[in-house]
Amino acid sequence: LLASIDFWRRPDRRFPRWLSLLGVATVVAFIGFLAAYYGLFGDSTLAPAADRPAFTIATTLEWAVLIGIMTWAFSVGFRWWRAESAHGRA
């Protein structure tokens, strides 16, 4: 989140502002996951296994967080690499 806020506040040609939005969306998904995991939406993931449904929003949000972090990190790395390789050619 802090890196995404920094990308938004201090524009840099290497890191477009859409990276900030991706980072914030990942943090929102993480907060939603924590809320769902601890039962703030009504169903607790901490319930015994026999009482759990086959689909839970907590599991979906957990995967969204994982995919979001990996996508954000890959995107930042790719943009940085691309900017450095373009700078080296100039």
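This section describes the helical make-up, buried positions and nonpolar surface of a predicted model of one protein chain.

The protein chain contains 3 helices and 0 strands, and its pattern along the sequence reads α-α-α. Of its 90 residues, 24% count as buried. The accessible surface comes to about 6,600 Å², with carbon and sulfur atoms contributing 69% of that area. Among contacts in the protein chain with a separation of 6 or more, 58% are between residues 24 or more positions apart.

Helix α2 comprises 20 residues, for which a rise of 1.5 Å a residue predicts a span of 28 Å; the C-alpha atoms at its ends are 28 Å apart, so the expected and computed spans agree. Buried positions are distributed along this helix: Leu19, Ser20, Gly23, Thr26, Ala29, Gly32, Phe33, Ala35 and Ala36. After α2 comes Gly39, which has a positive phi near 85°.

Thr26, a residue of helix α2, has a relative accessibility of 12% and therefore falls under the 20% limit for a buried residue. A polar atom of the Thr26 side chain is positioned 3.0 Å from the backbone oxygen of Leu22. When residues up to four places away in sequence are set aside, Thr26 touches Val65, Gly68 and Ile69.

A second buried polar residue, Ser4, is located in helix α1. Ser4 counts as buried because its relative accessibility is 2%. The side chain of Ser4 makes a polar contact of 3.4 Å with the side chain of Trp72. Beyond its neighbours within four places in sequence, Ser4 is in contact with Trp72 and also with Leu19, Ser20, Gly23 and Val24. Of these contact partners, Leu19, Ser20 and Gly23 are themselves listed among the buried residues of α2.

Val24, another contact partner of Ser4, belongs to a nonpolar patch on the surface. This patch is formed by Leu1, Leu2, Ile5, Val24 and Val28, and its members together have about 480 Å² of accessible area. Two elements give two or more residues each to the patch, namely α1 (residues 2–9) and α2 (residues 18–37). Leu1, by contrast, is placed in the segment before α1.

Helices α1 and α2 thus both contribute to the nonpolar surface patch, while Ser4 of α1 and Thr26 of α2 are buried, at 2% and 12% relative accessibility, respectively.

Terms used:
Residues numbered from 1 in each chain as written. Predicted model: local features only at pLDDT ≥ 70, side-chain atom pairs only at ≥ 80, totals over all residues. Heavy atoms only, no water. Patch = residues over 30% accessible without salt bridge, like charges linked within 9 Å, V, L, I, M, F, W, Y side chains within 5 Å. Areas by Shrake-Rupley, 256 points an atom, 1.4 Å probe, with all protein chains shown as cover. Salt bridge = Lys/Arg side-chain N within 4 Å of Asp/Glu carboxyl O. Helix = DSSP H or I, 4+ residues; strand = E, 2+ residues; numbered from the N terminus. Buried < 20%, exposed > 50% of the residue type's maximum accessible area, 1.4 Å probe, protein only. Contact = heavy atoms within 4.5 Å. Polar contact = N/O pair within 3.5 Å; in protein donor to acceptor, adjacent residues only side chain to side chain. Expected span 1.5 Å × (residues − 1).
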